[in-house]
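User: I would like to go through this model one point at a time. Please start with the conventions.

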Amino acid sequence: MYNDLLAKRVNPDVPSALSGLFVNDPDPSAISFAAGSPNESLFPVAAMRQAFDTAIDTQGAHLFQYQSSQGNPDLRAKLAARIGKWGRVTTTADNVVLTIGGQQAIELVAKALLNPGDEVAVEVPTYVGALAALDLYQPTYYGVGLQGDGLDLDALETTLKRHPGIKLLYTVPDFHNPTGITMSVAKRAQLVALANRYNFIILEDSPYRDLGYDQAPLSAIKSFDTEGRVVFVSSLSKILMPALRTGWLVADGKLLAAIMKVRLASDLEATGVTHAAINAYLDANDLDAHVAVLKAHYREQCAAMVSALQRYFPDEAAFTTPTGGFFDWVTLPAGIDVDALLQTPAMLGAHVSYVPSTNFYPNRDVHNGLRLCFSGLTPAVIDTGMRRLGEQMKVAVRGVKPVF
Ligand SMILES: Cc1ncc(COP(=O)(O)O)c(C=O)c1O
């Protein structure tokens with residue numbers, strides 16, 4: 001009725017890239033490898049309750065007043081020190097902005113940079129939520145493939161030569177969503193050199209960087225930034241709890257000023273009460289010790305997933321072997337349509353789900369990959385679900401195999 005009154009960039013007939021991702025299967029035996037949520041049995045609820053009490057007891061009514069639009073200065077200082085220690089980024093609280101999750105940080109950067117039609121490079125596949133945020137600013141996308149050690153820089157350079165107007169590259173360098181791949185340190189340095197040469201901004205989105213099972217976090221791409229071209233984004237969603245809705249970014253100069261301008265227009269400031277509680281939590285608890293517990297759990301879950309892939313999936317399936325994070329990525333032979341497969345009676349009867357690859361490509365044109373998330377499931381449940389899924393995959397592969 002009033003469709004013509006809505007902004008052209010928001011076509012409500014085309015759903016957000018983020019909606020309809022997860023099949024809601026009410027069957028009690030259903031196992032979902034779809035949702036990318038952290039394991040809530042690991043949430044530090046009691047310590048966080050105490051931290052909220054401490055924040056309220058310490059500041060009283062003042063805590064509930066409007067606060068800094070960049071976010072709680074003490075928490076910003078702690079996060080600046082953390083990315084200094086674990087990511088070798090030299091920065092201060094003045095360059096940190098607290099956001100409503102990492103998701104808002106991505107959206108603010110898109111809003112600050114993009115005019116309709118502007119050229120943007122993304123890894124393919126890439127984080128579906130970044131596509132949802134970027135889509136609103138109507139970019140022209142160029143997909144760049146991934147290798148075992150991260151973004152294919154030769155392919156990126158070829159794309160940059162063809163499209164010198166590209167102004168933004170979005171990357172998830174650590175335990176990538178959806179593939180679990182991590183970019184090597186050498187590539188991080190080379191990527192910044194490319195950004196300097198071809199004049200683009202890098203949006204480094206790194207919510208999983210702390211969750212390397214057996215390794216300390218690598219130097220951030222931002223640590224190689226000499227011209228203020230890299231916006232570093234991270235989040236407490238995966239290492240504390242997502243409902244705190246606390247993400248953060250590090251930016252410099254005019255880029256920081258532009259991001260703050262759009263942030264003020266969006267929401268004035270993020271969740272000050274929660275930030276004060278998180279700050280109190282960090283004063284009273286050892287976040288690194290908590291993260292070590294998370295890493296041990298996710299390491300075990302990932303091992304269960306990889307061993308189930310080896311045991312139950314057809315030989316024709318290729319899959320990643322992540323060293324951190326929540327996700328594994330499976331590539332099936334060309335010709336298999338994983339969206340259609342999810343709807344077959346046999347698959348519906350197996351009560352097991354995944355996110356189809358189409359969701360992670362800007363043009364939704366790759367149909368033979370799937371993202372499997374293991375973060376919320378015990379090793380035994382992973383094994384059961386993967387056995388069921390593997391059977392379906394074998395049937396699908398037989399269906400496309402040439403018969404001689
Ligand atoms: C790569 C990536 N970036 C950003 C986010 C956003 O998370 P949040 O807004 O909870 O910080 C997610 C969540 O899954 C993610 O996987």
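Analyst: Secondary structure comes from DSSP runs numbered from the N terminus, with helices as H or I of at least four residues and strands as E of at least two. The model is predicted, and local features need pLDDT of at least 70, side-chain atom pairs count only at pLDDT 80 or more, and totals for chains, interfaces and linings use all residues. Residues are numbered from 1 along each chain as its sequence is written, and side-chain values use heavy atoms, leaving out hydrogens and water.

User: Which helix gives the most to the shell around the ligand?

Analyst: A residue is near the ligand if one of its heavy atoms lies within 4 Å of it. There are 13 residues around the ligand, and Gly 102, Asp 205, Tyr 208, Ser 235 and Ser 237 come nearest. With three residues, the top contributor to the shell, spanning residues 101-113, is helix α3.

User: How many residues of the shell around the ligand are charged?

Analyst: Asp, Glu, Lys and Arg count as charged; Ala, Val, Leu, Ile, Met, Phe, Trp, Tyr, Cys and Pro as nonpolar; the others, Gly among them, as polar. The shell holds four nonpolar and six polar residues, and the charged ones number three.

User: What share of the ligand's exposed area does the protein bury?

Analyst: Polar contacts are pairs of N or O atoms within 3.5 Å; within protein, one atom must be able to donate a hydrogen and the other to accept it, and residues adjacent in sequence count only if both atoms are side-chain atoms. A backbone N or O atom of Gly 102 lies 2.7 Å from a ligand oxygen, while polar side-chain atoms of Ser 235 and Ser 237 each lie 2.6 Å from an oxygen atom of the ligand. Taken alone, the ligand exposes 390 Å² (Shrake-Rupley method, 1.4 Å probe; for residues, only the protein chains shown count as cover). The protein buries 91%.

User: Is Ser 234 buried or exposed?

Analyst: Ser 234 sits in strand β8, residues 230-235. A polar atom of its side chain lies 3.0 Å from the backbone oxygen of Ser 206. Buried means under 20% relative accessible area, exposed over 50%, and partly exposed in between (1.4 Å probe, protein chains only). Because its relative accessibility is 4%, Ser 234 is buried.

User: Which helix gives the most to the largest nonpolar core?

Analyst: A nonpolar core is a set of buried Ala, Val, Leu, Ile, Met, Phe, Trp, Tyr and Cys residues joined through side-chain atoms within 4.5 Å. The largest has 65 residues, and those with the most contacts inside it include Phe 33, Tyr 354 and Met 393. Domain 1 (3-43 + 289-400) and domain 2 (45-284), with bounds from an automatic or database domain assignment, each supply at least three residues to this core. The leading contributor, with eleven residues from 287-312, is helix α9.

User: What is the omega of the peptide bond from Asn 177 to Pro 178?

Analyst: Most peptide bonds are trans. Pro 178 lies in the loop between β6 (168-171) and α6 (185-198). The bond from Asn 177 to Pro 178 is cis, with omega near 20°.

User: What is the phi of Arg 88?

Analyst: Most residues other than glycine have a negative phi. Arg 88 lies in the loop between α2 (73-87) and β2 (96-100), and with a relative accessible area of 48% this residue is partly exposed. Arg 88 is not a glycine, yet its phi is positive, near 55°.
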